Amino acid sequence: MNENIESVRCLIIGSGPAGYTAAIYAARADLKPVMYQGMQPGGQLTITTEVENFPGYPKGITGPEMMEEFKQQAERFGTDIRSGVVTAVDFSNRPFIIKADDGKTISAETVIISTGASAKWLGMESERKFMGMGVSGCATCDGFFYRGQEVAIVGGGDTAAEEATYLAKLCKKVFMIHRRGELRASKAMQHKVLNTANIEMVWNSAPEEVLGDHSGVTGVRVRNVKTGESRDIPVMGFFVAIGHKPNTELFDGQLELDELSYVKTKPGTTQTSINGVFAAGDVQDHHYRQAVTAAGTGCMASIEAERFLTN
Ligand code: NDP
């Protein structure tokens, strides 16, 4: 084999809870995993504030701190963690050939894909400014901080509908802002939203600006796209639920993806359409999207990679 090509038994792409958990298991199984952390080391949790629903942290922990602990645990067992980005993969033959932006070409016997998904944002300057200070992309993660308060959520799909009903149980009132006059969500979810007393629909409306001060979000200015009129809605929390995008551009044409571009896995496993390539975490899950479920599938991917190598 070409001496410039580095051979590894298990290559992990991405460094969220799925990637680090896969690394801990693979390292302890002596697979000597190499991990490329990707564009956002630590993944989506590094842009959240407090994490209170990950078991084992009874007092809660910040997202960035938790991911640092995941990293240290993966390093403790010898994972080779690299701060680079994988730029190309070739899964047509085994071992697989992977190129990274540090100039390395790697020949990998197994690959675990844990590149996650990215929340879509509206793109307003004020949305970025108050990120983690009242602006959130995950009601299940952050809704608890707004108990008894008034909040707004943007979107009209199943995620927004689910998150709005979740928030309605915790919050005094939820303004659901949608750019059209009807929801995209399934009929059952629409029914739930429209029959929840403390959800107020703000139809045909687009947020223009998130309002706030040094303490965080204080409201949102919305414009009715039909009438052109603007109004301010006072809220303490502003949730964006306009969809997620799986980070799978790299794998397009190499692996089977579903109609939403998530990596397809064999039900109950992390096995992709290519033997020896496994996918864990949000890159293959648009349903649960939790750190703990991502970590669980990271563990599964490693065990499956180890069994694949020993069979
Ligand atoms: P969707 O793409 O289904 O919905 C996104 C929503 O956000 C739409 O209502 C869309 O408006 C709106 N939107 C998109 N971009 C903007 C923007 N720039 N400004 C304002 N509004 C915007 O995403 P979801 O995350 O809701 O769902 C993804 C998939 O996952 C779907 O297939 C869904 O059914 C599935 N899912 C299923 C669940 C379940 O079965 N329990 C739970 C959650 C998701 P518009 O309608 O005008 O396009």
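## Helix 6: two sides

In this predicted model, helix 6 has an exposed side made up of Lys187, Ala188 and His191. Each of these has over 50% relative accessible area. They sit on the other side of the helix from its buried residues.

The buried set is Met189, Gln190 and Val193, within a helix that spans residues 187-194. Viewed down the axis of helix 6, the buried residues fall within an arc of 105°, so they line one face of the helix.

## What covers the buried face

Which elements cover the buried residues of helix 6? The cover includes helix 5, residues 158-170. It also includes two strands: strand 12 (173-177) and strand 13 (199-202).

## Domain layout

The domain assignment splits the protein chain into domain 1 and domain 2. Domain 1 is given as two segments, 5-118 and 244-310. Domain 2 is given as 121-240. The C-alpha centres of the two domains lie 32 Å apart. Seven residues of domain 1 and eight residues of domain 2 take part in the contact.

## The domain interface

How much area is buried between domain 1 and domain 2? The value is about 710 Å². Carbon and sulfur atoms give 51% of that area.

Charged and polar pairs were also counted. The rule finds zero salt bridges across the interface of domain 1 and domain 2. For polar contact, the count between the domains is one residue pair, with both residues at pLDDT 80 or more.

Note on methods. Residues numbered from 1 in each chain as written. Predicted model: local features only at pLDDT ≥ 70, side-chain atom pairs only at ≥ 80, totals over all residues. Heavy atoms only, no water. Buried < 20%, exposed > 50% of the residue type's maximum accessible area, 1.4 Å probe, protein only. Helix = DSSP H or I, 4+ residues; strand = E, 2+ residues; numbered from the N terminus. Arc of directions from axis to C-beta. Contact = heavy atoms within 4.5 Å. Domains from an automatic or database assignment. Buried area = accessible area lost by both parts, 1.4 Å probe. Salt bridge = Lys/Arg side-chain N within 4 Å of Asp/Glu carboxyl O. Polar contact = N/O pair within 3.5 Å; in protein donor to acceptor, adjacent residues only side chain to side chain.
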